[in-house]
Amino acid sequence: MILETLSQSLSTVLHNKKRLLKALLIPFLVTYFLRSMKVSVAGNELYNEILVFIFNIAIFLISSIICLRTQQILDKHDTDDTADAPWQGIKFDAQQRRYSGYLLVLFVLLQAIWLLIEADYQIASNGFVYSVMLVLGIVGWIVFSRLSFVLPAIAAGKEASFKDALAITKDKKLYAFVIAGLLPVAFYILFIGLPIFLLFANPNLAMGLKFIYIFIWGVIVIAIPFVIAAIEATAYRALIDKSNATEISNPV
């Protein structure tokens with residue numbers, strides 16, 4: 001069940017907390033610094049937009065390091081967290097470049113799906129077009145959720161491709177969709193969308209909590225990819241092991 005996957009993910013994170021800290025602290029700090037710099041240079045001028053674009057690329061690359069290392073560590077259930085694991089900085093080896101490349105393709109696919117769904121509401125002028133575009137968006141979302149399991153496979157050291165991701169999730173399409181399709185959206189709505197809505201609904205509160213909110217929001221934005229990567233790593237292992245955790249309902 002999904003709750004079993006979430007519980008196992010939390011347990012594995014806590015079990016490997018020291019290794020995760022040493023592997024992710026520097027990338028987390030660098031990402032926070034880059035996001036702060038991006039906010040400070042944002043503007044309407046061309047050079048501002050160019051700088052923001054450069055910062056976005058850097059943030060994406062460092063975030064991919066966070067995701068890969070998280071999934072590498074959580075893939076090893078028998079890791080001894082008391083071992084003297086070394087501190088890790090920023091490094092792009094062959095595995096990291098492959099992981100980042102697939103993550104970029106998935107990101108582009110997700111943007112295309114979002115544009116399709118957004119266009120569905122803006123330009124669809126009749127029921128048939130609306131229905132077709134909506135179905136295409138949902139199908140694309142489901143396919144995306146299955147393809148995303150190539151990432152924990154690469155993190156596990158496999159020469160995986162999107163074909164392998166489809167094979168892994170062939171008999172667990174709903175499970176894959178909930179883990180990699182619905183849960184990330186739920187996290188972003190709950191921890192980013194809802195707080196922003198509440199603050200905009202109360203401007204006085206927003207001004208009073210401005211600096212505290214900016215700091216907390218920055219931490220949350222950085223932490224969500226880590227959370228998603230951790231859950232997907234646990235789900236990948238459950239799929240490989242054919243665990244009962246992949247059952248949406250209790251098996252008979």
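S148 counts as buried in this predicted model, because its relative accessibility is 4%, and buried means under 20%. You will find S148 in the loop between helix 5 (127–147) and helix 6 (150–155). From there, the side chain of S148 makes a polar contact of 3.3 Å with the side chain of E232. This serine is a handy starting point for a tour of the protein chain, which has 10 helices and zero strands.

**The chain as a whole**

- Reading from the N terminus, every element you meet is a helix, in the order α-α-α-α-α-α-α-α-α-α.
- The protein chain has 252 residues, and 37% of them count as buried.
- Its accessible surface comes to about 14600 Å², with 71% of that belonging to carbon and sulfur atoms.
- Among contacts in the protein chain with a separation of 6 or more, 80% are between residues 24 or more positions apart.

**What the UniProt record adds**

- The unreviewed UniProt entry places the feature "transmembrane region" at residues 20–38, 50–68, 99–117, 129–154, 174–199 and 211–231.
- In the model, residues 20–38, one of these spans in the record, are 100% helix and 0% strand.
- The end C-alpha atoms of residues 20–38 are 26 Å apart.
- Residues 129–154, another span from the record, are 92% helix and 0% strand.
- For residues 129–154, the end C-alpha atoms lie 38 Å apart.

**Helix 1 and its two sides**

- Helix 1 covers residues 2–15, which makes 14 residues.
- From its first C-alpha to its last, helix 1 reaches 20 Å, close to the 20 Å expected at 1.5 Å a residue.
- Which residues of helix 1 are buried? They are I2, T5, S9, T12 and V13.
- These buried residues sit on the same side of helix 1, because they cover an arc of only 100° around the axis.
- The face turned away from that buried side carries the exposed residues L3 and L10.

**Two buried polar residues in helix 1**

- T5 is found in helix 1 and counts as buried because its relative accessibility is 2%.
- The side chain of T5 is joined to the side chain of Y175 by a polar contact of 2.7 Å.
- S9 also lies in helix 1, and its relative accessibility of 4% is why S9 counts as buried.
- Apart from neighbours within four places in sequence, S9 is in contact with A230, I231 and T234.
- A polar atom of the S9 side chain lies 3.4 Å from the backbone oxygen of A230.
- S9 and E232 are 223 residues apart along the chain, yet their C-alpha atoms are separated by 8.6 Å.

**Back to S148 and its partners**

- Which residues is S148 in contact with, leaving aside its neighbours within four places in sequence? They are L106, A180 and E232.
- E232 therefore appears twice for S148: as a residue in contact and as the partner in a polar contact between side chains, given that a polar contact is a pair of N or O atoms within 3.5 Å.

**I113 in helix 4**

- I113 is found in helix 4, which spans residues 94–122.
- With a relative accessible area of 8%, I113 is buried.
- Not counting residues up to four places away in sequence, I113 touches G137, G140, W141 and F144.
- I113 and W141 are 28 residues apart in sequence, while their C-alpha atoms are 6.8 Å apart in space.

**K173 in helix 8**

- K173 lies in helix 8, which covers residues 173–201.
- Is K173 buried or partly exposed? K173 counts as partly exposed, because its relative accessibility is 41%, and the partly exposed class lies between under 20% and over 50%.
- A polar atom of the K173 side chain lies 2.6 Å from the backbone oxygen of K170.
- The C-alpha atoms of K173 and I142 are separated by 7.8 Å, although these residues are 31 residues apart along the chain.

Technical notes. Residues are numbered from 1 along each chain as its sequence is written. This is a predicted model: local features need pLDDT of at least 70, side-chain atom pairs count only at pLDDT 80 or more; totals for chains, interfaces and linings use all residues. Side-chain values use heavy atoms; hydrogens and water are left out. Helices (H or I, at least four residues) and strands (E, at least two) are DSSP runs, numbered from the N terminus. Buried means under 20% relative accessible area, exposed over 50%, partly exposed in between (1.4 Å probe, protein chains only). Contact means heavy atoms within 4.5 Å. Accessible areas come from the Shrake-Rupley method with a 1.4 Å probe; for residues, only the protein chains shown count as cover. The expected span of a helix is 1.5 Å times one less than its number of residues. The arc is that of the directions from the helix axis to the C-beta atoms. UniProt positions are given in the numbering used here, feature names are shortened, and annotations may be inferred rather than shown by experiment. A polar contact is a pair of N or O atoms within 3.5 Å; within protein, one must be able to donate a hydrogen and the other to accept it, and residues adjacent in sequence count only if both atoms are side-chain atoms.
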